[in-house]
Protein chains: 4
Amino acid sequence: MTTIKDSVHDHIEVAGVAEALLDTSAVQRLRHVKQLGTVQLVYPSANHTRFEHSLGVYHLADRALGHLGVEGTEAERVRAAALLHDVGHGPYSHNIESLTHRHTGKYHDDVGGLLTQGEVGDVLRDHGLDPRRVAGLVAGEGQYGQLVSGELDVDRMDYLVRDAHHTGVPYGTIDHGRLVRELVFVDGELVLDEGNVQTAESLLLARALMNPTVYQHHVARISKAMLRRASERLLDAPDISAEQLRRMDDHELLVALRRTETTGDFADRLRTRSLYKRAVWAEIRDVPSEVFEMSHDEIRAVEQDVADDLGLAVDDVIVDVPPKPSMTESSSRVMVNGEIRRLEDQSPLVGALRTAQQNQWRLGVYCPPEETDRVGDVAADALGLDVDGALVSTVSHSVHATLDEFN
Amino acid sequence: MTTIKDSVHDHIEVAGVAEALLDTSAVQRLRHVKQLGTVQLVYPSANHTRFEHSLGVYHLADRALGHLGVEGTEAERVRAAALLHDVGHGPYSHNIESLTHRHTGKYHDDVGGLLTQGEVGDVLRDHGLDPRRVAGLVAGEGQYGQLVSGELDVDRMDYLVRDAHHTGVPYGTIDHGRLVRELVFVDGELVLDEGNVQTAESLLLARALMNPTVYQHHVARISKAMLRRASERLLDAPDISAEQLRRMDDHELLVALRRTETTGDFADRLRTRSLYKRAVWAEIRDVPSEVFEMSHDEIRAVEQDVADDLGLAVDDVIVDVPPKPSMTESSSRVMVNGEIRRLEDQSPLVGALRTAQQNQWRLGVYCPPEETDRVGDVAADALGLDVDGALVSTVSHSVHATLDEFN
Amino acid sequence: MTTIKDSVHDHIEVAGVAEALLDTSAVQRLRHVKQLGTVQLVYPSANHTRFEHSLGVYHLADRALGHLGVEGTEAERVRAAALLHDVGHGPYSHNIESLTHRHTGKYHDDVGGLLTQGEVGDVLRDHGLDPRRVAGLVAGEGQYGQLVSGELDVDRMDYLVRDAHHTGVPYGTIDHGRLVRELVFVDGELVLDEGNVQTAESLLLARALMNPTVYQHHVARISKAMLRRASERLLDAPDISAEQLRRMDDHELLVALRRTETTGDFADRLRTRSLYKRAVWAEIRDVPSEVFEMSHDEIRAVEQDVADDLGLAVDDVIVDVPPKPSMTESSSRVMVNGEIRRLEDQSPLVGALRTAQQNQWRLGVYCPPEETDRVGDVAADALGLDVDGALVSTVSHSVHATLDEFN
Amino acid sequence: MTTIKDSVHDHIEVAGVAEALLDTSAVQRLRHVKQLGTVQLVYPSANHTRFEHSLGVYHLADRALGHLGVEGTEAERVRAAALLHDVGHGPYSHNIESLTHRHTGKYHDDVGGLLTQGEVGDVLRDHGLDPRRVAGLVAGEGQYGQLVSGELDVDRMDYLVRDAHHTGVPYGTIDHGRLVRELVFVDGELVLDEGNVQTAESLLLARALMNPTVYQHHVARISKAMLRRASERLLDAPDISAEQLRRMDDHELLVALRRTETTGDFADRLRTRSLYKRAVWAEIRDVPSEVFEMSHDEIRAVEQDVADDLGLAVDDVIVDVPPKPSMTESSSRVMVNGEIRRLEDQSPLVGALRTAQQNQWRLGVYCPPEETDRVGDVAADALGLDVDGALVSTVSHSVHATLDEFN
C-alpha cells in the first residue's frame, strides 16, 4: 500500500489495482495537466492538476464503496475507474476539448482506446478487470457508473472542495464527508438517503456559486478562447494532428504554441497576460435564436466578416457562444418519505438556479483592447444582437472597474 | 492598543473606545453567554461565546469603515456599537429571548438602558460619544446603523463564518473579505458595489443552508423549548424577576434551574441530554391559520388540555410554533448597471429560498420519548392539524433513523 | 451507530460500548468542563470542552487500533477507556486538580471509583468489559494503556490540534494522521515505526511551543492561581466537601464562588477579568532550592507573612511555584535501524527543549495591581529570591508592554 | 488598485509600483516556475508557483512596513523588491541553480541585470525608483534589505505557510501574523520585539521540520539530481546557452529535455516517475572530509570511474553531495530585557537543531533501481565512505518500506 499526502484529504491510501495504475504513464501524465486550465490567470494559486484530483476521486470512491458495502472485484473496478476517469483529458483540460472533439470525435470520458491498450490495459487485466467495463464506468454506465460519472458522483465532490482550496474562493466548500456517507443504492439507483434534501441542495448551490466566480469568470473565458483559437491554428500547421494534440500535456502545448510562427502572438499574449478584452458581453435575451444554431464554420465566417470590415486580422476577433446552461445536479435523487424523488421535483431552488444560470449566461466577443469599441459595434450588428445591452463599451465606468477587478 | 488572537480572524487589534469598553463587566459577561445556546447539544464543538463574536463584529466593522473611508467620531461610534451590539443578550442568547421579552418588553438589541448607565455609559461619554446614539446604531438606526444591524451588516458576516468554524458545518463559509470590501454607500444606503449579485446571493444561501442544518436543527429546537419552559417555571418561583433573569449568564441560569425544585427535572434532562422527542412535526400546509394567531396563553392552554387528557403533567407537553419564516437578507441592496436594486428584485433565488424556507418550517410538539404516540394523536387533534403528515409516529422507520442522526 | 460532527476530525462515528457510554451523565457532564480552564481569559475562542476532546481521543484511538490491527474485546476496552479517560476531571480541568488531590488523594486519571459504579459500570459490564481493566487503561497500565495514557498516546494528539484550532495559535498543528498511522507495537511497546524520528520530534516541539504560548501563559497562570485560591476558600466554608467540589462542573463552581461570601471578591475579579498582576516573576536560577521543598502549608505561611507585613489580607498575595519542568514525550520510543530507541537518546532536540523549558520556568507572586511593587519586594525577600531578576517592577517599560500584550 | 485572491492570504491588494510591475513579462513568467520544483513528485499537490509566492511576499512586506511605520519612496522600494525578489530564478527554481551559477556566475538573487533593463527598469524609473537600489534590497543590502532577504525576512514567512498549505504537511504553519507584527528596527537592525524568543524559535523549528520532510525528502533530491544532470547534458548540446537556460520557464526546460536526444531518457524517467534509487545514503560521519573538498569536475570523474568499472553509462551514476548544513535563522535577532540578542546566544534550541541538521545530512549516490547493489559497493569504495552505514542495501527490510513510503 502506498500512502500519499494530499492537501485536501490529508492521507490517501492507494492499494490494489490503483497502486499499480499509479505508475503508468497515462496516470503520471495527469501531473502535467492543470485542473482548471486558464483559470490560473484569474486565481494565481489555482495550479492544481488532474493527477491530485484523480487521487482525490479515487479516495472518495473508496470511502463511498465502504459505506455502501461494495467489495471485491466490483469495488476494484470502481476504484480503477475513479483513478482513471480523467486520463482522456487533453492539455488544459476542458479548454480545448471542443476543438479536439471536432477533429477526433472524442470527449475526455471516451477512454475505451486508452484503457484497453498498453500499460493500463495490461495492469487492469493483470488484476482481473476487463478494461472495457472500466471504460464503461468512466462513461457513467451501469449501477456503479453513477458513482464515477453521474449527478451524485464523487468527481464533483472532489473538485468543488479542491478548487475552493486552491483558488481561495470558499463557495465550493461542501460537506463531502456527509455526502459520501449518505449515498445509498435504492433499486439500483444511487440516491441520497432520507433527510438529505439540503445536502443535495448544497451540492447544487456550491456549483452554482463556483460557476460564475471561478469556472466561467470572464477572464478565464477570454484566455480559454484565445488558447482554443491558437490551438486551432496549430492544427492548421502541417506537423501536428488532432490526436497528437489531444495526447500532449500542458507543457508541450504551450511550447508548441510559442514555437509555431502562426501561433506565436497568442502564445506571447498568454505568457504575458496581455489578454483580449470584451467587445460584446450579451445576455441570453439579447441574442437571436439563430445564433445558437450556428455551426463552428458559420461563427468563423462571422469573425472573418467583422475582421475584414475593420481591416483587422481574422484572429483579432473571437466570437464565444457557450452552450445554453444545463445543470446536471438538478436530476440528482434523494429519498423523501420513503420515495425516490428527483431534486428538481422536490426543491424550489432548482428552478431558481436554472433561471439564475440563464441570467448569468453571456455571449462574448473578444479582441485586442484598443479595438473593443469598433469590434463591438460591428460584431453586434453581424450577430443581430440587441445593441444596447450587449456592448461592454456602453456600460458605465463603475461597472468596468468592477468587472475588471481581477484583470 | 490590545491585540487579541481569534480563531476566525487571527489577530484583532482593539484600540480607542473599544479597548476601554473591553474591560467593562457588560462586555466581559459575554464570555459566559454561548453564541448558539443549545445547538451545543447537536454540535458538541459549538461552545463559542458572544464575547468572541462581538470582537469579530468589531473587527469586521473596523475593516469595513476603512474601505468605506469613514473616520473620526463617526467611526468610533460604529466601532463601539459593533462591540456592544450583543450586550443585551440574556443567558443562552436567543433561546429564552421571547420569554424575557414577554416580561420586560425588551429584545436583545434594545440596549439604551444598558449603554447610558454605569461603566459603559461612562466610557462612552469619556470618549466623547453619546450613549443614546450608540444604542441607536445597535438598533440599526441611521446610515451607519445599517453596518451594525441591517441586511448587509457585519454581524451576520461574522457569525456565519464563526458558527461554521466551531460546528464543523462548512455551509457558513462565506467570503467575508470580499463582502467587506464591496460595501459602498450610495445615497446614504449601504449596498454592495457593481458585480456583486452573486456575492449577495452567497450570503443568503449560506444562511439558508445553515438554518435547517444548524440553527433550526430539531434537537436544538427541542432543547431550546425545554430550556424556555424551564425558565418560565423559574419566573413562577418567588425569587427571580424577568429583569434579573435577563442579566444572568449561562452558568447562573443553569445552576438556578438545577437548584429550583420546579425546574430540576428539566435541568436534569438538559444535563444528561435526556431530551424530549417529537410527537408532532407538521409542515406549514398542515397547520390551520388559527394556530398562527394563538397567543402564548392560548398555546399554554392547549398544552394543558393535552396533558390533562392523557393524565400527564403540563410540562410533559411542549407546543413549539415558530414564527412564519422571514428572510432579512432578501432586501439587501446591490448595484446593477448603476442602479440600486433590492436583491429580491434581481435574483430568482430569493423567491425560491423563501419557498424552501416555507417547506422547511415545522410546528413541533415535544414530550418524553415514551409518550410520543399518545401525545402526537391528541395534540394534532387539539391543534386541528392534518394528521397524516404531522405525526412523527407515522413516518417510516428509515426516516426515524435519519432524523435522529445527531440525537 | 451515531455520527457526530466535530470541528477538528469532521465526522466521528461512535458505535458499540462507546455509543452506550455517550449517554451516561458522567460523559455528558464533560460538556460543561472547559478543556483549557482559564486559558479562555487569554484566548477568547478557547471555549472547547472535555466532551468534544474525549470524542476526538476516542476517534483517534479507534483509527490507531485499526492501523494496529487490534480487534474484538481488546479494542472495545481501549475505545471505552479513550472516551472515559477524562471523566475524573473536576471543574476547570487541571486548574484546581492539585487542590482536590490534596483533599481527596485522587488525580483525574484515578477513575476506578467512577467506572465501577452506577451507569458507567453497568454499561461496561453489559458490553462484557471489566470496569477495573478499563480504569487500568485510563491509568496507562498494560500494553494498550500506552495508547490511552503514555508518551505517544492519542490524548495529546487530539488536544494539541484541538487547542490550536480553538485558540488560533498554530503551533499545535501536528500531523496526527501520520502519527496514528506510524504507531506499531514492538515487543509489547508502543513505538513509532522506522523513519519517524522527525515525527516524534514534531510532537515534542508542538508541545514545547504550545506550552509557554498557551498552557503556561502568565495570564492563564494568574487566573488559575486565583481560581484555585478561591476554591480553597470554598472548601473552608461549611457546606462543600472536596469530593463534592471534584464532581461539580464549571457552572456550579463559578456560581458557588459567586454566592459564597468569602469567595465573592475572587469571583468578581474572574468575571470582570480584573486579575492580579505579577509582583514577582523569577527564573529558576534565582530561586533557592529550599523553595522547591516547601509544603503547601509552608507556602501559605509565607503568603500570610507577606500580607501581614504589608497590612494586606492574606488572599491579596498568591505564591505560585510550579513543579520543575518535565517532558513526557522525551521518553517516547521510535524505531531506528531496527532497534527501539528512546527519543531522548536519539534526538539532540530533547536535551535542548529540556533546557528551554528550564529557561521558561517562572515562579510567580501575584497580587492586586496597585500592590505589585510592595508585594514584590517583601515576597522576594521572604522567599530568598535573587531580587534583581525576579521583580517584575524592575523590568524595563518595553518589556511590560509586551508581557501584557494579551492582558 | 488590483485585488487578487490568494489561497493563503485571502485578498491581496496590489497598488503603486507593484501594480505596474505585475504586468511585466519578468513577473508573469513566474507563473510558469514551480515554487518547489521536483517536490511535486513527492507531494502531488505542491504545484504552486513563484508568482503567487511573490505576491505573498509583497503582501507581508506591505503589512510589515505598515507596522514599522515605513512610508513613501522607501516603502515603495521595498514593495517593489518584495514582488521582484524571485525574478532571477531559472526553471525549477533552486533545482538547477548550482548548474546555471557555474556557467553564468549568477545566483537567483543577482537581479541587477534584470531590473535595470527593459520593461521592469522602465516601470521602476517611471515610479521614481532606482533599479540598482531595488536590486540591492533583493540582495539583502541596507537596513530595509533585511526585510526582503535576511534572517527574519518575509520571504520565509510566506513560503513556510504556503508550502504547508500546498503539500498538506502542517509543520510550516507558523504564526506569520504575529511575526510581522513583532518586527521592529533597533539601531538599524531588524529584530523581534521583547517577549518573542519563542516566536523566533517557532520560525526556526518550522524550517527544521519542513526541511527533511519536504525540501530534502530523498525522492525530491533524487529527481532534482536527475533534472540537474539532464540540464547539464542539455548545455553540452550545441543550441542552448546557460544564459538561455536560466531564462527558460518550467515548460520550456521540460520540453527541451524531452526533445533533445541526449536527455530524452532522463525526460522520460521524470515524466513517468521512473526514478533512480539510492545506492548510497551516507551520514556525515561516514564521509571523509576530502569529499567535501571535491570540485564539480572531480565528482564527475568519480561517477565516470564507477560507471566504467561496472560497464554502465556515465549518466547511470549520480553522486549528490549537498553542502554542509547551515541555518540562516539562527542568527536572527530578538530583544531580551532591552538588549538585542542573537537567537543562537539565547536559545538552546539553535545548537540542538544544528546537531539535528548534521544528523539528517546525507550524501547520496543514485542509479537505476536494478543497479543499486553494485553501484553502492563501488561508489562507496571510490568515495572512501565507511561502508556499513552508507549502503542502503544493508539497511533492513522494514527501513526500506518506510523510506520508500512516498516513492
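**Notes on helix 8 of chain A and the contacts of chain D**

1. The buried residues of helix 8 of chain A pack against four neighbours in chain A, namely helix 4 (72-84), helix 6 (112-116), helix 7 (118-126) and helix 9 (142-148). Please keep in mind that this is a predicted model.

2. Helix 8 of chain A spans residues 131-138 and is mostly covered, with six of its eight residues buried. Those buried are A:Pro131, then A:Val134 through A:Ala135, A:Gly136 and A:Leu137 to A:Val138. Just after this helix, A:Gly140 has a positive phi of about 85 degrees.

3. On a wider view, chain A is divided into domain 1 (2-168) and domain 2, which is made of 276-324 and 361-407. The C-alpha centres of these two domains of chain A are 36 Å apart.

4. Now to chain D, beginning with its contact with chain A: 34 residues of chain D meet 34 residues of chain A. On the chain D side, the elements giving two or more residues are strand 1 (2-6), helix 2 (25-28), helix 3 (50-68), helix 10 (154-167), helix 15 (250-259) and helix 16 (264-272). By class, this side of chain D has 15 polar, 10 charged and nine nonpolar residues.

5. The contact between chain D and chain C takes 30 residues from chain D and 31 residues from chain C. Here helix 12 (197-215), helix 20 (348-360) and helix 23 (397-403) of chain D each give two or more residues. Helix 20 of chain D gives the most to this side, with seven residues. By class, the side of chain D that touches chain C has 14 nonpolar, 13 polar and three charged residues.

Terms used: Residues are numbered from 1 along each chain as its sequence is written. Chains are lettered from A and ligands numbered from 1 in the order in which they are written. This is a predicted model: local features need pLDDT of at least 70, side-chain atom pairs count only at pLDDT 80 or more; totals for chains, interfaces and linings use all residues. Two residues are in contact if their C-beta atoms, placed from the backbone, lie within 7 Å. Ala, Val, Leu, Ile, Met, Phe, Trp, Tyr, Cys and Pro count as nonpolar, Asp, Glu, Lys and Arg as charged, and the others, Gly among them, as polar. Domain bounds come from an automatic or database domain assignment. A residue is buried if 20 or more other C-beta atoms lie within 10 Å of its own, exposed if 12 or fewer, and partly exposed in between; C-beta atoms are placed from the backbone.
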